[in-house]
Amino acid sequence: MEQQKQHVIRAVRADEWEKVRGLRLDALRDPVASLAFLETYEQAAAKPDEFWQERAAGAAEGVDVAQIIAEAPDGRWDGSVSVFIEDVGTSDFLGQVVDVDQAHVVGVFVRPGQRGSGLTDALFEAALEWVWARQEPVLGRARLFVHEENERAAGFYRRFGFRASGLVVPKPDDPSAKEHEYVISRP
């Protein structure tokens with residue numbers, strides 16, 4: 001936990017699009033990226049600067065999406081988590097109709113050297129603080145999906161208070177693999 005105290009946990013700013021891009025590409029180079037992300041390094045690297053500029057600007061506005069980062073004293077970003085709002089009646093990433101206003105946690109990444117330091121806890125605390133602070137709509141839950149073989153992540157989510165909902169879906173880019181939905185209710 002001592003390491004986490006050296007980091008500033010905050011939302012991204014619109015002008016930080018290059019760092020948003022860089023951290024995402026680093027995350028997609030991680031050995032477990034194929035379990036944790038639905039995008040490949042090559043897909044992300046091929047996206048134009050405008051994509052990253054819009055992504056950072058949207059997250060910085062903090063209306064329907066937020067990206068929380070862990071910034072080291074030297075300015076290096078050591079982790080990130082993103083959250084977006086799924087409004088009732090809209091379609092989710094699987095094409096299913098959303099039946100409750102909720103937050104969806106995605107893009108969880110902490111650099112290997114920082115894992116176990118408390119950064120992931122700090123990122124999740126800030127992300128869920130953003131979720132629970134929303135006034136309209138008030139969100140009763142947050143959810144995320146975890147690959148059936150990513151037990152390290154599933155263990156963290158359970159320890160943090162997420163519970164398996166029982167919903168199991170095929171991984172969009174590999175229907176032979178399964179993703180388990182985990183949810184946490186408003187405190």
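Let me begin with Glu39, which counts as buried because its relative accessible area is 11%, under the 20% cut-off, and I should say at once that what we are looking at is a predicted model. Glu39 is one half of a salt bridge with Lys47, in which the closest N and O atoms are 2.4 Å apart. Its partner Lys47, with a relative accessible area of 25%, is partly exposed, so this pair joins a buried acidic residue to a partly exposed lysine.

That pair belongs to a wider set, since a search of the whole structure finds 17 salt bridges. Another of them is formed by Arg143 and Asp92, whose closest N and O atoms are 2.9 Å apart. This pair links distant parts of the chain, with Arg143 in strand β5 and Asp92 in the loop between β3 (77-86) and β4 (102-110), 51 residues apart. Here Arg143 and Asp92 are both buried.

Glu151 and Arg158 also form a salt bridge, with 2.3 Å between the closest N and O atoms. Glu151 is partly exposed, at a relative accessible area of 45%, and Arg158 is likewise partly exposed, at 33%. Elsewhere, salt bridges with shared partners join Asp26, Arg29, Asp74, Arg76, Asp78 and Arg111 into one network.

Arg76 brings me to Glu71, because Arg76 is among the residues that Glu71 contacts once neighbours within four places in sequence are left aside, the contact cut-off being heavy atoms within 4.5 Å. The others in that list are Gln6, His7, Val8, Arg10, Lys19 and Trp77. Glu71 itself lies in strand β2, residues 65-71, and at 16% relative accessibility it counts as buried. The C-alpha atoms of Glu71 and Val108, which are 37 residues apart along the chain, are separated by 15 Å.

What, then, forms the negative surface patch? The patch is made up of Glu18, Asp49, Glu50 and Glu54, and helix α5, residues 49-61, gives the most to it, with three residues. Glu54 is found in that helix and, at 59% relative accessibility, counts as exposed, in contrast to Glu71, which is buried.

Finally, a point about the backbone. Most peptide bonds are trans. The bond from Glu136 to Pro137, however, is cis, with omega near -5 degrees, and Pro137 is found in the loop between α6 (119-133) and β5 (141-147). Strand β5 is also where we met Arg143, the partner of Asp92.

Key:
Residues numbered from 1 in each chain as written. Predicted model: local features only at pLDDT ≥ 70, side-chain atom pairs only at ≥ 80, totals over all residues. Heavy atoms only, no water. Patch = residues over 30% accessible without salt bridge, like charges linked within 9 Å, V, L, I, M, F, W, Y side chains within 5 Å. Areas by Shrake-Rupley, 256 points an atom, 1.4 Å probe, with all protein chains shown as cover. Salt bridge = Lys/Arg side-chain N within 4 Å of Asp/Glu carboxyl O. Lys, Arg positive; Asp, Glu negative; His and termini not counted. Charge placed at Lys NZ, Arg CZ, Asp CG, Glu CD. Helix = DSSP H or I, 4+ residues; strand = E, 2+ residues; numbered from the N terminus. Buried < 20%, exposed > 50% of the residue type's maximum accessible area, 1.4 Å probe, protein only.
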